Amino acid sequence: MVRAKKYVVKRHFQGVPKREDFDVVEHDLPAIKNGEILVKTEWISVDPYQRAYNSRYPTPYDQFGFQLAVVQDSKNPRFPVGSKVVSHKGWRDYTVIDPNAAPTPIDKVYKLPDLKGLSESLSVGAVGMPGATAYFGLLELCKPKPGETVVVTGAAGAVGSIVGQIAKLKGCKVIGFAGSDEKVSWLEKNLGFDNAFNYKTVDAVSALKQAAPKGIDCYFDNVGGELSSIIINQMNLYGRVAVCGSISGYNEDPDKIPKATMIQPALVAKQLKIEGFLVARWHDRWAEAFADLARWISSGQIKVEEHVTEGFDKVFDAFVGMLNGENQGKAVVKV
Ligand SMILES: NC(=O)c1ccc[n+]([C@@H]2O[C@H](COP(=O)([O-])OP(=O)(O)OC[C@H]3O[C@@H](n4cnc5c(N)ncnc54)[C@H](OP(=O)(O)O)[C@@H]3O)[C@@H](O)[C@H]2O)c1
């Protein structure tokens, strides 16, 4: 019998999540049945939606999220002992999984993609859900054309850093906003962004007028709020906005969402197309994104960085650190 640990959210977060909002629960796992596998977690992902979705679930609930694990015992020929699986089983160290039971696309268990020798942690990052988010959100909704100007917020994070680099590969001028001078320098010097700005210190209106004198064609929105209104108000005719997230409001009371300058005049005058999305929309095509992303990363065309926290006991710290912007690139936990 295996004794396992998991993070349970015992009460709804108010503001920044607190350690006391979680219990780490020890429990015995049942013996596996036909079709099931027993896995040991190797990498855990901490992500903004784990904060944003919190109020949707009645407490207590097991903290969901992507993780990479190795199969330790198997009664499922598709996942033999020693193989690696990506699942949405969340913050657990050992898990019994029935790969045939997936109530939603996100719950589907899949084999570790071909990472071409890159770190397996990328399976929960640049070659995982966040990578697919960048890939499909940008290419399917923004549809950037060579020579166009693309702006991305949350630019130094898991999704944003990939968005900007794919846009560069597509021949665009890329402008990013991130929350520290160090991140800004990394985006410009290491990732090849044409311009990056610290949204905490810069006057975004004049920074954009200077960096994008011909206006903005595509905006990949990770943060929402006033910064997004400023960007959308400087867009060109037939510009496209992919709304991926609104992290600037995730720690706010859902009944008191922050207000921002209205964007409707720009939407009308510039005939903009603005579309929100969930990456699960393209779940049956994630493998397509993973193949391109693994190829671009292994060839050096896309650079990845990870903010690694060590230890199952540190998952909460990694989560809050990510919400506070401690991560440059993808925040992951090595179990
Ligand atoms: N639609 C989908 O299917 C989908 C899928 C994945 C992710 N997302 C969304 O994509 C966005 C980025 O996610 P990610 O996984 O790539 O996370 P991430 O960017 O790696 O990490 C979160 C980052 O958010 C920034 N941040 C925190 N508070 C902020 C604020 N008040 N204003 C602006 N930025 C703030 C921090 O960086 P700074 O130092 O720059 O502040 C932090 O590093 C999130 O909105 C997330 O919900 C959506």
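The following chat goes through a predicted model, its ligand shell, its domains and some backbone details.

User: Before we start, what kind of model is this, and how are residues numbered?
Analyst: This is a predicted model, in which local features need pLDDT of at least 70 and side-chain atom pairs count only at pLDDT 80 or more, while totals for chains, interfaces and linings use all residues. Residues are numbered from 1 along each chain as its sequence is written.

User: Ok, which residues come nearest to the ligand?
Analyst: There are 31 residues around the ligand, and G157, V159, G179, G245 and G325 come nearest; a residue is near a molecule if its C-beta atom, placed from the backbone, lies within 6 Å of it.

User: And by class, what is in that shell?
Analyst: The shell has 17 nonpolar, eleven polar and three charged residues, where Ala, Val, Leu, Ile, Met, Phe, Trp, Tyr, Cys and Pro count as nonpolar, Asp, Glu, Lys and Arg as charged, and the others, Gly among them, as polar.

User: Which element gives the most to it?
Analyst: Helix α3 does, with three residues, and α1 (49-52), α2 (129-142), α3 (158-169), α9 (315-323) and β16 (330-334) each supply at least two. Helices (H or I, at least four residues) and strands (E, at least two) are DSSP runs, numbered from the N terminus.

User: Where does the ligand lie relative to the domains?
Analyst: Domain 1 (2-125 + 305-334) and domain 2 (129-280) both give residues to the shell around the ligand, so the ligand lies between them; the domain bounds come from an automatic or database domain assignment.

User: How far apart are the domain centres, and how many residues make the contact?
Analyst: The C-alpha centres of domain 1 and domain 2 are 29 Å apart. The contact takes 16 residues from domain 1 and 17 residues from domain 2, with two residues in contact if their C-beta atoms, placed from the backbone, lie within 7 Å. On the side of domain 1 that touches domain 2, the residues divide into seven nonpolar, seven polar and two charged.

User: Switching to S161 in α3: buried or exposed?
Analyst: S161 is buried, because 31 other C-beta atoms lie within 10 Å; the cut-offs are 20 or more for buried, 12 or fewer for exposed, and partly exposed in between, with C-beta atoms placed from the backbone. Leaving out residues up to four places away in sequence, S161 touches A155, A156, L191 and G329.

User: Any odd backbone geometry? Which peptide bond is cis?
Analyst: The bond joining T59 and P60 is cis, with omega of about -5°, and P60 sits in the loop between α1 and β4. K116 has a positive phi of about 55° although it is not a glycine, and K143 likewise has a positive phi, of about 45°, without being a glycine.

User: Where are those two lysines?
Analyst: K116 is in the loop between β8 (110-111) and α2, whereas K143 lies in the loop between α2 and β9 (149-153). K116 counts as partly exposed with 13 C-beta neighbours inside 10 Å, and K143 counts as partly exposed with 14.

User: Last one, what is the strand order in the three-stranded open sheet?
Analyst: The order is β2-β1-β4, with antiparallel pairing, and two strands pair if DSSP finds at least two bridges between them. At the edges stand β2 (22-29) and β4 (61-62), each with a single partner strand, so one side of each is left without a neighbour in the sheet.
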